[in-house]
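Colleague: I should like to learn how the features of a protein model are read. Could you take me through an example?

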Amino acid sequence: MKKEKILIVAIAGAGKTYLAEHYKNVVDFEYLYHLWDYDESIKDLPIDQHKGNPNRKPNPDYPWNFVVDIKHELEKDKIVVIPGMPNGIYACMVGKDYFDKDTRIIFALPDKNDFETLAERFRKRGNPESFVSLVQENFLKAHELAQNFRGAEYLIIPPKKYLSDALIEYGIKLEPGVGFMKENRDAGRRFEKEYKNLQNQKQKYKIDITTSTIEEL
């Protein structure tokens, strides 16, 4: 029996890492290497040291490179989880017609009135206040984009709950075990020809990752 393809878009602090560490049919797919080009001096550092690093510049191939990599991950019969900041949602907007038609896109976001729970989690794990502020700036914007996204499911994570709790209650089958944390440091290169073809077909959007904005041309 063919498994359904599920793409979950979840904001930082919702519990993506926990999900991948405890359920073997989950891939937590980091997008920073698709989003940014990294200076040689930092490209091999741990992923958390890349966040907010000034020695990086926007990757002109985003979101096309990420869209293609997402599709290939979905074809491995895993639940793929990506970051739910606006730039992650924009990748879904651009890629929804490229993904298989039976792909379920689920936006899983904490309750609009529960940002303080996220902020508390960020501070406990040592994130700087600048990161807390960045997520807060984009929190309601992510909700608005998710609500207006045609063809996607909009799942609210109840106050004080985590992503895994909400998915189980929603009926998503999670298989206990150790899943996957994926960072593609050669983002897009393996499928370069494929994503360049997609880019040629989809040049109706202008995306600015530094300001998290999208414009339909």
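Modeller: What follows is a short tour of this predicted model, from its sheet to its helices and then to a few single residues.

Colleague: Let us begin with the sheet. In what order do its strands stand, and is the pairing parallel or antiparallel?

Modeller: The open sheet has six strands in the order S7-S6-S1-S5-S2-S8, and they pair in the parallel sense. S7 and strand S8 (180–183) are the edges; each has a single partner strand, so one side of each lacks a neighbour in the sheet. From one strand to the next, the twist averages 25 degrees.

Colleague: How many bridges join strand S6 to S7 at one edge, and how many does S2 form with S8 at the other?

Modeller: Strand S6 (residues 104–110) runs parallel to S7, and five bridges join them. Within this pair, Ala 108 has Leu 155 as its bridge partner. At the other edge, strand S2 (residues 26–30) and S8 are parallel and share four bridges. There, Phe 29 stands opposite Lys 182 of S8.

Colleague: Which side chains of strand S7 are buried, and which are not?

Modeller: The side chains of S7 (residues 153–157) alternate between two faces. Glu 153, Leu 155 and Ile 157 point to one face and are buried. Tyr 154 and Ile 156 point to the other face and are not buried.

Colleague: Which helices lie against these strands?

Modeller: Helix H3 (residues 64–74) packs on the sheet, where it touches strand S1 (6–10), S2, strand S5 (79–83) and S8. The direction of H3 makes about 170 degrees with that of S2. Helix H6 (residues 129–147) lies across S6 and S7, and runs at about 150 degrees to S6.

Colleague: How should I read the packing of one helix against another?

Modeller: Two packed helices are described by the angle between their axes and by the distance between those axes. In this model, helix H5 (residues 115–124) packs with H6 at an angle of about 155 degrees, and their axes are 10 Å apart. Angles over 145 degrees count as roughly antiparallel, and H5 and H6 are therefore roughly antiparallel to each other. Their crossing is right-handed.

Colleague: Which residues make the contact between H5 and H6?

Modeller: From H5 come Phe 115, Leu 118, Ala 119, Phe 122 and Arg 123. From H6 come Glu 129, Phe 131, Val 132, Val 135, Gln 136 and Phe 139. By class, this contact of H5 with H6 has eight nonpolar residues, one polar residue and two charged residues.

Colleague: Now for the backbone. Where is there a cis peptide bond?

Modeller: The cis bond joins Tyr 62 and Pro 63, with omega at about 10 degrees. Pro 63 is placed in the loop between strand S4 (56–58) and H3.

Colleague: What is noted about phi in Asp 77 and Lys 160?

Modeller: Asp 77 is not a glycine, yet its phi is positive, at about 60 degrees. Asp 77 sits in the loop between H3 and S5 and is partly exposed, with a relative accessible area of 39%. Lys 160, likewise a residue other than glycine, has a positive phi near 70 degrees. Lys 160 lies in the loop between S7 and helix H7 (163–170). With a relative accessibility of 61%, Lys 160 counts as exposed.

Colleague: Lastly, what separates the C-alpha atoms of Lys 196 and Trp 64?

Modeller: These C-alpha atoms are separated by 7.4 Å, although Lys 196 and Trp 64 are 132 residues apart along the chain. Lys 196 belongs to helix H8 (residues 192–201) and is partly exposed, with a relative accessible area of 33%.

Terms used. Residues numbered from 1 in each chain as written. Predicted model: local features only at pLDDT ≥ 70, side-chain atom pairs only at ≥ 80, totals over all residues. Heavy atoms only, no water. Buried < 20%, exposed > 50% of the residue type's maximum accessible area, 1.4 Å probe, protein only. Pairing = 2+ DSSP bridges. Axes fitted to C-alpha atoms, helices over the stretch in contact; angles between N-to-C directions. Contact = heavy atoms within 4.5 Å. Parallel < 35°, antiparallel > 145°, perpendicular 65-115°, else oblique. Left-handed = near helix turned anticlockwise from the far one by under 90°. Nonpolar A, V, L, I, M, F, W, Y, C, P; charged D, E, K, R; others polar.
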